[in-house]
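These are my notebook entries on one model, kept in the order in which I looked things up. I begin with the overall figures and then go to sheets, helices and the contact between chains.

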There are 2 protein chains.
Amino acid sequence: MSRPTTKDLARAAGVSLATVDRVLNDRTGVRDDTVKRVTEAIEAIGFIRNLSAANLARSRSYRFVFLLPRSGDQFLNRVIARIDEASQAFTTEATQVTVARIEDEDPHQIAATLGALDPATVDGVAIMAPESPQVRDAKARLSERGIEAVAFLSGQIGSGHPTAGSEVFVGIDNYAAGATAGRLMGRFAPDTDAKILVLADTLLARDSLERRRGFDAVIGRDYPHLTVLPALETHSDPTRTRQIMTASFTSHPDICGLYVLASEARMPLLHVPAGAHPVIIAHERTPFTETGLQTGQIAALITQDPGHLVRSAVRILRARCDHREVLASQEKIRIEILIRENL
Amino acid sequence: MSRPTTKDLARAAGVSLATVDRVLNDRTGVRDDTVKRVTEAIEAIGFIRNLSAANLARSRSYRFVFLLPRSGDQFLNRVIARIDEASQAFTTEATQVTVARIEDEDPHQIAATLGALDPATVDGVAIMAPESPQVRDAKARLSERGIEAVAFLSGQIGSGHPTAGSEVFVGIDNYAAGATAGRLMGRFAPDTDAKILVLADTLLARDSLERRRGFDAVIGRDYPHLTVLPALETHSDPTRTRQIMTASFTSHPDICGLYVLASEARMPLLHVPAGAHPVIIAHERTPFTETGLQTGQIAALITQDPGHLVRSAVRILRARCDHREVLASQEKIRIEILIRENL
DNA sequence: CCCTATTTGAGGTACGTACCTCATAGCAAG
DNA sequence: CTTGCTATGAGGTACGTACCTCAAATAGGG
């Protein structure tokens, strides 16, 4: 027994193939009660449209673009590697994935890029950019023009609540990620009074802020003997980073933990003073943090799987193009904890 | 520009569509150098077979069976729930997934079940059963009859080395999982001399053995102040479990950690003596262990995502049916660490 | 060079759906 | 009744591939 086809559906509904087609593809010129008859027949016989055949017939293909910031760290490079991998793997499924870079500091330029996207050449975009009014407007206009969009890794609305509203966000809950880091820090650090140094690229990014909030909440509630020092911003500047590190460890000899919020942990960790052995917790898996885990310098990493992120974004975009539901459990991005043993 | 079709391929190779078809589908009656010409043309123009169209033409569908032990715990129930979910989600892709139960204690019966599978009704099986000579033979005969098979969650050959040989195994590296548990135990437990209790359903199962080995290796090497007591077997027997727990905590008042190897942590944890607050690390996410994490009774869980397991098995089976490669990075099952914050 | 076996080509139908054209049925207003 | 409209049916072609048949070309052996 194979699945019922449109022909079966036409027979079951007592209409012709043409009418079935009109109903299935939302064409005009069908009376309401006829539509209802067909819809009921769909339920009755359990008709499921054969997507392969449909896509074949309309020679449909999916063209998606990942809009990523031009200024990228190693984590972003891994993401891009996964996009390339996916673009290979998805060709079998008529899905083409490309990458375009944007100036993430300039909301106007981002909005302009979004505005320039042509529905004739692009079916969907995954946008990694800070949420700004301009960008939000540009996104709204995208959907009007029939281009699907998902927020990718950053730019979600609301705080700590992914997919608030109808907004689709691919990435982890950064508040929970920070809380996870906090819990591990609390358990790994000694039980005595001590301080924890927190480093960020910039605290303007929503991601960093939320991680920070989550981290502080757990430490403050459950590990009162630990004092979290005010977060310091490195601005990805080597000199500044070195100064911060030296100054912090000098004025606070009792620093027992180091939490690196940003996805580029390399710079701060190179400047941990010899002799100091703080518990280090950082984010994202990069060649550097991997090595750090293996040598024992880093105690734990809080990560999200770049491959999963990319494939999830693509699956969500495709589902939206087809007006389908996604499998929610598959698209939930997990907050992963990596230690040396489960690398 | 759309992808080249068989027609383009025929033109590029200077042969007819019929010959292209013969080459693509491994039919006889084509001279070797003609085959070569076509193969070269495939490379040259980058021809990729349109799987949707191919499956449509041969009205192919994939019918897979998950063979699971009849005696199941809550973790297995979650796996089954994911299979049901997947069977819904995969109907769109002409893939039908069902579950059959086997008596996991009886290798003969398992082998018989495998032998009774009909290639006319089944395209692939995911087998969750202990590896025995009979089962191994039966598996070999499966592939002779053209039924694909993967080992699912247990039954892998070799120790700690998934996919040893050409054997396909869907699941985690249990040695590494045990080592992960060991590392967490070492970091969570106090720095003073103390004992760790290890509980298993049975130590006959390879999974448990390997987890045990990994756990011991880490504790023995890096946390010499901790003593791992000989593992005790509960055999899923409530009375026996209670006795073990009581006896252990009585004769070893300095137990600081409890490692539950089996996927059903419920029974032992109900019998932790009041007043004792060992660091508890267990495996797999179930309603019970979730609650344990939330209340703080359980410090950490080592898990594998059932949904990922199921979908991965299905993808691998489908790829093998199509003689395709899988995306390795997607099929690697991660050893997940769950704490209260990243639940 | 002929005979035969093998290889190749030409052409068709099918899969399930989309999309198109044209014809006809039904209905209401004039 | 005719006119003009909408709703529906009938039938076709197309997508890219599989699989079939039959004829034609080619190769190799004697």
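Entry 1, overall figures. I looked up burial in chain A and noted that 43% of its 343 residues count as buried; I keep in mind that this is a predicted model. For the extent of chain A, I found that its C-alpha atoms fill a box of roughly 85 × 40 × 35 Å along the principal axes. I then went through the secondary structure of chain A, which has 14 helices and 12 strands. As to contacts in chain A with a separation of 6 or more, I noted that 69% come from residues 24 or more positions apart.

Entry 2, the sheet of chain A. I traced an open sheet of five strands in chain A, ordered β2-β1-β3-β4-β5, with parallel pairing. Its edge strands in chain A are β2 (95-102) and β5 (169-170), each of which pairs on one side only. Within the sheet I followed β3 (residues 124-127) and β4 (residues 148-152) of chain A, which are paired in the parallel sense over four bridges, and in β4(A) I found Ala151(A) as the bridge partner of Ile127(A). I also looked for what packs on this sheet and found helix α13 (residues 306-321) of chain A, which touches β1 (62-69), β2, β3, β4 and β5 of chain A and whose direction makes about 155° with that of β4(A).

Entry 3, strand β3 of chain B. I asked myself which residues cover the two faces of strand β3 (residues 124-127) of chain B. Gly124(B) and Ala126(B) lie on one side, Val125(B) and Ile127(B) on the other, and all of them are buried. In a regular strand the side chains alternate between the two faces of the sheet. I then looked up the neighbours of β3(B): strand β1 (residues 62-69) of chain B pairs with β3(B) in the parallel sense over four bridges, and Leu67(B) stands opposite Ile127(B). With strand β4 (residues 148-152) of chain B, β3(B) runs parallel and is joined by four bridges, and there the bridge partner of Ile127(B) is Ala151(B). Following the chain from β3(B) to β4(B), I passed through helix α7 (residues 133-144) of chain B and recorded a right-handed β-α-β crossover.

Entry 4, two helix pairs of chain B. For helix α8 (residues 174-188) and helix α9 (residues 206-222) of chain B, I noted that the axes come within 6 Å and cross at roughly 40°, and α8(B) and α9(B) are therefore oblique to each other. The crossing in which α8(B) passes α9(B) is right-handed, and the contact includes Ala177(B), Ala181(B) and Met185(B) of α8(B) with Phe215(B), Val218(B) and Ile219(B) of α9(B). Helix α5 (residues 74-89) and helix α13 (residues 306-321) of chain B have their axes 8 Å apart at an angle of about 50°, and are therefore also oblique to each other. I recorded a right-handed crossing for α5(B) and α13(B), with Val79(B), Ile83(B) and Ala86(B) among the contact residues of α5(B) and Leu309(B), Val310(B) and Val314(B) among those of α13(B).

Entry 5, the contact between chains. I found that 32 residues from chain A and 32 residues from chain B take part in the contact. On the side of chain A that touches chain B, the elements that each supply at least two residues include α4 (51-57), α5 (74-89), α13 and β12 (336-338) of chain A. Which element gives the most to that side? I found that it is α8(A), with six residues.

Conventions
Residues are numbered from 1 along each chain as its sequence is written. Chains are lettered from A and ligands numbered from 1 in the order in which they are written. This is a predicted model: local features need pLDDT of at least 70, side-chain atom pairs count only at pLDDT 80 or more; totals for chains, interfaces and linings use all residues. A residue is buried if 20 or more other C-beta atoms lie within 10 Å of its own, exposed if 12 or fewer, and partly exposed in between; C-beta atoms are placed from the backbone. Two strands pair if DSSP finds at least two bridges between them. A crossover is right-handed if, with the strands pointing away from the viewer, the path from the first strand over the helix to the second runs clockwise. Axes are lines fitted to C-alpha atoms, for helices over the stretch in contact, and angles run from 0 to 180 degrees between N-to-C directions. Angles under 35 degrees count as roughly parallel, over 145 as roughly antiparallel, 65 to 115 as roughly perpendicular and the rest as oblique. A crossing is left-handed if the near helix is turned anticlockwise from the far one by less than a right angle, and right-handed if clockwise. Two residues are in contact if their C-beta atoms, placed from the backbone, lie within 7 Å.
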